[in-house]
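Student: Here's a two-chain model I've just loaded. Pick a single part, take a close look at it, and tell me how it sits in the rest.

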Amino acid sequence: MIVCITARAAGTDAPVEQRFGRAPYFVFVDTETEKSESVGNPLVDAAGGVGPRAVQALAEHGATILVTGQVGGNAARALEAGGIKAYAYRGSGSVADALAEYTAGTLQPIS
Amino acid sequence: MKIAIASGKGGTGKSTVAANLAWALARSRDVVLVDCDVEEPNLHLFFPGPAVDVPVTTPVPEIDPARCTFCGECGKFCRFGALAVLKDRVLVFPHLCHSCGGCVLVCPQGAVREVPRTVGRVACSRPLPRLTLISGVLNEGEVQAPAVIRAAKVLAEGHPLTLYDASPGIACPVIETLEGSDVCVLVTESTPFGLHDLRLAAEVAERVGIPAGVVINRSDGEDAATVAFCRERGLPILMTIPFSREIAAVQNRGGLISRDLPGWEEQFTDLFDEIVRNAGVRA
């Protein structure tokens with residue numbers, strides 16, 4: 001299973017970014033192999049409509065779980081249609097911290 | 001002749017100037033007044049009356065699921081996020097679409113076609129025997145103001161004298177309003193903000209290639225900085241409206257100073273003469 005965590009920089013030590021569509025990086029972690037891939041988000045400075053486009057990027061990387069601070073209405077619709085479940089991480093920890101909380105089952109789903 | 005009334009800064013008196021100029025001119029000739037401030041049209045407040053609505057539509061994509069292979073080309077192309085291509089479906093977000101038509105062009109399967117979607121309306125009325133009011137109204141939450149402005153301007157075509165009341169700012173809606181105008185009136189006020197945004201608006205008029213003149217509204221008599229700027233840029237000052245409680249009172253009850261205060265009808269017909277002189281074309 002591939003989990004995407006929004007981050008301010010590359011790597012699992014990077015701090016989690018609360019915004020979804022304008023997150024500087026998407027960190028994809030394969031929970032079976034524990035390998036991670038960090039992808040820069042070209043939408044950081046885009047004018048608008050970033051939510052649906054960010055969901056497309058997640059779908060392309062095969063993510064089925066998203067861990068982020070919050071998502072907008074358009075992104076929520078696209079996530080739901082794409083079968084990607086979103087969870088809220090409101091702490092100030094790293095990507096690894098957020099992943100640990102997700103794995104422990106303590107994060108609330110974003111509906 | 002097409003006269004655009006713009007300002008840069010909001011609240012300087014664009015609509016006041018447009019409405020009073022229209023009223024004064026409609027005493028002796030046919031005038032079409034177009035409210036191009038489609039996100040907040042207000043000229044109908046000065047000229048109430050029954051209106052006929054014409055809907056404004058823009059083309060948005062529709063996906064043929066029988067042809068689509070989910071290749072993702074349309075989603076990659078759309079920089080407004082109006083199309084999201086997922087594994088087994090394409091999501092369309094019509095309110096994000098800017099109707100560029102690019103998705104139709106890039107689709108290798110011919111699976112995208114365009115369908116009309118209503119984003120606003122144009123309201124047409126005849127509040128005075130010689131005045132036609134055409135108001136563009138963008139629906140709430142929509143982004144395509146230029147489409148509604150274009151539709152309003154098309155409906156005003158074919159008349160000898162048209163006034164366009166622009167929206168504040170200097171973005172797409174204002175440029176859409178200025179395009180095709182013969183001359184531009186920039187309404188400012190004697191404040192640092194008024195002057196700051198007058199600079200921006202004057203630059204836009206210059207880039208669009210339209211001669212511009214300035215109306216100073218709510219003047220407290222301390223207009224030296226504005227006057228100096230106009231002189232430096234070769235912008236004629238067409239009219240100065242003083243800061244006055246009497247004018248404010250007429251304005252606040254939805255009145256027109258050209259109709260309700262003695263002397264102002266002549267002031268606005270004089271303004272028109274100045275505009276014509278500045279435009280360098282025959283009216």
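**One helix up close, and what surrounds it**

Tutor: Let's set the scene with chain B: among its contacts with a separation of 6 or more, 74% are between residues 24 or more positions apart. Keep in mind that this is a predicted model. Chain B has 283 residues, of which 49% count as buried. Its secondary structure comes to 11 helices and 11 strands, and its C-alpha atoms fill a box of roughly 70 × 40 × 35 Å along the principal axes.

The part I'd zoom in on is helix H1 of chain B, residues 14-25. H1(B) has 12 residues and reaches 16 Å from its first C-alpha to its last, close to the 16 Å you'd expect at 1.5 Å a residue. Now for its surroundings: 12 of the 12 residues of H1(B) are buried, so this helix is largely enclosed by the rest of the structure. Buried here asks for 20 or more other C-beta atoms within 10 Å of a residue's own. If you want to click through them, start at Lys14(B), Ser15(B), Thr16(B) and Val17(B), which are buried. Carry on with Ala18(B), Ala19(B), Asn20(B) and Leu21(B), also buried, and finish with Ala22(B), Trp23(B), Ala24(B) and Leu25(B), buried as well.

Next, a packing partner. Two packed helices are described by the angle between their axes and the distance between those axes. For H1(B) and helix H11 of chain B (residues 264-279), the angle is about 95° and the axes are 9 Å apart. With 65 to 115 degrees counting as roughly perpendicular, that makes H1(B) roughly perpendicular to H11(B). On the H1(B) side, Asn20(B), Leu21(B), Ala24(B) and Leu25(B) make the contact. H11(B) answers with Trp264(B), Glu265(B), Phe268(B), Thr269(B), Leu271(B) and Phe272(B). By class, this contact of H1(B) with H11(B) has 7 nonpolar, 2 polar and 1 charged residues.

Now over to the other chain. Chain A has 3 helices and 6 strands, running β-β-β-α-β-α-β-α-β from the N terminus on. Its radius of gyration is 12 Å, close to the 13 Å from the globule rule for 111 residues, so chain A is as compact as a globular protein of that length. Its C-alpha trace spans about 35 × 25 × 25 Å along the principal axes, and 38% of the 111 residues count as buried. Taking contacts in chain A between residues at least 6 apart in sequence, 46% join residues at least 24 apart.

Where the chains meet, 14 residues come from chain A and 12 residues from chain B. Helix H1 (50-60) and helix H2 (73-81) of chain A each supply at least two residues of the side that touches chain B. H1(A) gives the most to that side, with 7 residues. By class, the side of chain A that touches chain B has 6 nonpolar, 6 polar and 2 charged residues.

H1(A) makes a handy companion to your helix: 9 of its 11 residues are buried, so H1(A) is largely enclosed by the rest of the structure. Its buried residues are Val50(A), Gly51(A), Pro52(A), Arg53(A), Ala54(A), Val55(A), Gln56(A), Leu58(A) and Ala59(A). One last thing for your torsion plot: H1(A) is followed by Gly62(A), whose phi is positive, near 75°.

Definitions and conventions. Residues numbered from 1 in each chain as written. Chains lettered and ligands numbered in written order. Predicted model: local features only at pLDDT ≥ 70, side-chain atom pairs only at ≥ 80, totals over all residues. Axes fitted to C-alpha atoms, helices over the stretch in contact; angles between N-to-C directions. Helix = DSSP H or I, 4+ residues; strand = E, 2+ residues; numbered from the N terminus. Parallel < 35°, antiparallel > 145°, perpendicular 65-115°, else oblique. Contact = placed C-beta atoms within 7 Å. Nonpolar A, V, L, I, M, F, W, Y, C, P; charged D, E, K, R; others polar. Expected span 1.5 Å × (residues − 1). Rg over C-alpha atoms; globule rule 2.2 N^0.38 Å.
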